[in-house]
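Dear colleague,

Please find below the structure we discussed, together with its sequence. My notes on it follow directly after.

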Amino acid sequence: MATWNTRGLRGSTLEELINRTNEIYLEKNLALIQKIPTPITPLKIDKDERHITLAYFEQKSTVDYIGAVQGIPVCFDAKECTVDTFALQNIHPHQVKFMTDFEKQGGISFLILFFSTRNELFYLPYRDMMKFWNRAQQGGRKSFRYMELDQNYYLKPRGGLLVPYLDALQLDLDEREK
């Protein structure tokens, strides 16, 4: 049984940045993306503060976000990394399966990666994620390096968008057509 405590708040800043970006995309009628809550069962509740202090996850979650961009179904997960090497153990097999099944249904899956020491965001296309994943499954590196990322997918905040992933999504779509 996996438990949740204050460590569960890691990545919450990244999620807030993505949530704000999604609000702007919705306001501009560009996308409808929803955060998928992870179902938990509380074990301890601070009655004075009225918040959960300890809980366990009821089931494996799929991805952090799901929705549609101009009629295209999309799903993605947000991951934070404090070093220049991203451990693939941070991507769970059930997430890879969900994203693979989503792709088979005509959707677009990807990761948004935040390298906190560099303060840099990247869009990691599904095909690149699977290249790293399959390499690990075949006995290769169980991680990938920052330098292995395609710099064309660097997400530079602009125009009030803190995580402007739609441009990278368009690049991903263009690459898929080649």
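Helix 3 covers residues 126-137. In this predicted model, its 12 residues reach 16 Å from the first C-alpha to the last, close to the 16 Å expected at 1.5 Å a residue.

Which residues of helix 3 are buried? They are Tyr-126, Asp-128, Met-129, Met-130, Phe-132, Trp-133 and Ala-136. As general background, an α-helix has 3.6 residues a turn, so residues three or four places apart point the same way. The elements against which the buried residues of helix 3 pack are two helices and three strands by name: helix 2 (93-104) and helix 4 (165-177), together with strand 8 (108-115), strand 9 (120-125) and strand 10 (143-145). Just after helix 3, Gly-139 takes a positive phi of about 95°.

Positive phi values also occur at two asparagines, described in turn here.

Asn-29 lies in the loop between helix 1 (12-27) and strand 2 (31-35). Its phi is near 60°, a positive value in a residue other than glycine. Is Asn-29 buried or exposed? Asn-29 counts as exposed because its relative accessibility is 63%, and the cut-off for exposed is over 50%.

Asn-119 is placed in the loop between strand 8 and strand 9, two of the strands that the buried residues of helix 3 pack against. Although Asn-119 is not a glycine, its phi is positive, at about 55°. With a relative accessibility of 60%, Asn-119 therefore counts as exposed.

Yours sincerely

How values were computed
Residues numbered from 1 in each chain as written. Predicted model: local features only at pLDDT ≥ 70, side-chain atom pairs only at ≥ 80, totals over all residues. Heavy atoms only, no water. Helix = DSSP H or I, 4+ residues; strand = E, 2+ residues; numbered from the N terminus. Expected span 1.5 Å × (residues − 1). Buried < 20%, exposed > 50% of the residue type's maximum accessible area, 1.4 Å probe, protein only. Contact = heavy atoms within 4.5 Å.
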